[in-house]
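Colleague: I should be grateful for a close look at a single part of this model. Please take one helix, and then the charged pairs found around it and elsewhere.

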Amino acid sequence: MAAQKINEAHDHIAKAEKCLKTSLTKWKPDFDSAASEYAKAAVCFKNAKQYEQAADAYLKEAEYQTENKTLFHAAKAIEQAGMMMKEQKKMPEAIDLIEKACMMYMENGTPDTAAMALDRAGKLIEPINLEKAVDLYQKAAGVFENEDRLRQAVEMLGKASRLLVRLRRLDEASVAVLKEKNMYKDIENFPMCFKKTTVQVLIHLHRADYVAADKCVRESYSLPGYSGSEDSVAMETLLQGYDEQDEDQVYRVCNSPLLKYMDNDYAKLALSLRVPGGGTKKKKAAAAPQGGAGGADEDDYEGGLC
């Protein structure tokens, strides 16, 4: 079966080469037919699991589609060549080709197709290179945003934000989540704004920036429905416990279903949150003044967070 498909592929390549020849009666190469034959050859190689030869055939197809000024089909062929690289476990080459295809989609005036290809590339590279996946998701978000497709843009931004948290690039994550929150506000998805406020608070507390965390909550009271919501009560309780170095209170909030069942990367932020200065349990804090332990805790807090 494989041998038959390989023979078929070579037949198509021979036909393609014939289409490209010129003569006294045929002055111009027939790029359209050549591209079509290379596309058929690529499929045959792919079916025979000859992925390297399939990639070469797709790139030849792209070359002649470009000569024929059919950029969309050229981009599709380059993207397919990228997928053949993926089959060979050549991920950097695969991503380079998909990004090249995206540029051609943009030139062709089909940005949505470009953004979807960037999303697919992000998913491919995510298991082995989180930094590159962040870059691809952010590019996809930018393309969707330029097209005023905010729902798709915010979905891409969300993927990037989660990976930034996983990479512990928390300063960048805080900026990304704020952008997400503002987009959700623009499309009037206020419950998601509440969730993003919770994520902001967790990120800022891990950044040891209580003031920024508190500010996020204060600003969220301008959102319809936030005041008195489960999210706002939880964040007020968390901030109070953190400020008072009450590790029991912080533990209760961070282990509540509201936080525990968030996206995995954010749930881990909640579960790993510690109060400043090592914290203290409520009962011990009450007995502390006579031994001066309370003062020691205050000194720890004044000295900053570890």
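Modeller: The account below begins with helix H9 and then turns to salt bridges. Please bear in mind that the model is predicted.

Helix H9 runs over residues 170-186 and has 17 residues. From its first C-alpha to its last it reaches 24 Å, close to the 24 Å expected at 1.5 Å a residue. The buried residues of H9 are Leu-170, Ala-173, Ser-174, Ala-176, Val-177, Glu-180, Lys-181, Met-183 and Tyr-184. The list thus includes Glu-180 and Lys-181 as well as Leu-170 and Val-177. Several helices take part in covering these buried residues, among them H7 (130-146) and H8 (150-166). Helix H10 (190-206), helix H11 (210-220) and helix H15 (264-271) also belong to that cover. Just after H9, Glu-188 adopts a positive phi of about 60°.

Some of the covering helices lead on to the charged pairs. Side chains of opposite charge can pair when their charged atoms come close. A search of the whole structure finds 23 salt bridges, and a few of them are described here.

Arg-162 and Asp-263 meet through their side chains in a salt bridge, at 3.4 Å from N to O. Arg-162 lies in helix H8, whereas Asp-263 lies in the loop between helix H14 (257-260) and H15, so this pair ties together parts that are 101 residues apart in sequence. Arg-162 has a relative accessible area of 23% and is partly exposed. Asp-263 is also partly exposed, with a value of 37%; buried would require under 20%.

A second pair joins Asp-112 to Arg-149, with the closest N and O atoms 2.2 Å apart. Because Asp-112 belongs to helix H6 (residues 111-125) and Arg-149 to the loop between H7 and H8, the salt bridge ties together parts that are 37 residues apart in sequence. Asp-112 counts as partly exposed at 25% relative accessibility, and Arg-149 counts as partly exposed at 27%.

Arg-207 and Asp-209 form a further salt bridge, in which the closest N and O atoms are 3.8 Å apart. Here Arg-207 is partly exposed, with a relative accessible area of 30%, and Asp-209 is partly exposed with 24%.

Finally, there is a linked group of charged residues: a network of salt bridges connects Glu-99, Lys-132, Asp-135 and Lys-139.

Technical notes:
Residues numbered from 1 in each chain as written. Predicted model: local features only at pLDDT ≥ 70, side-chain atom pairs only at ≥ 80, totals over all residues. Heavy atoms only, no water. Helix = DSSP H or I, 4+ residues; strand = E, 2+ residues; numbered from the N terminus. Expected span 1.5 Å × (residues − 1). Buried < 20%, exposed > 50% of the residue type's maximum accessible area, 1.4 Å probe, protein only. Contact = heavy atoms within 4.5 Å. Salt bridge = Lys/Arg side-chain N within 4 Å of Asp/Glu carboxyl O.
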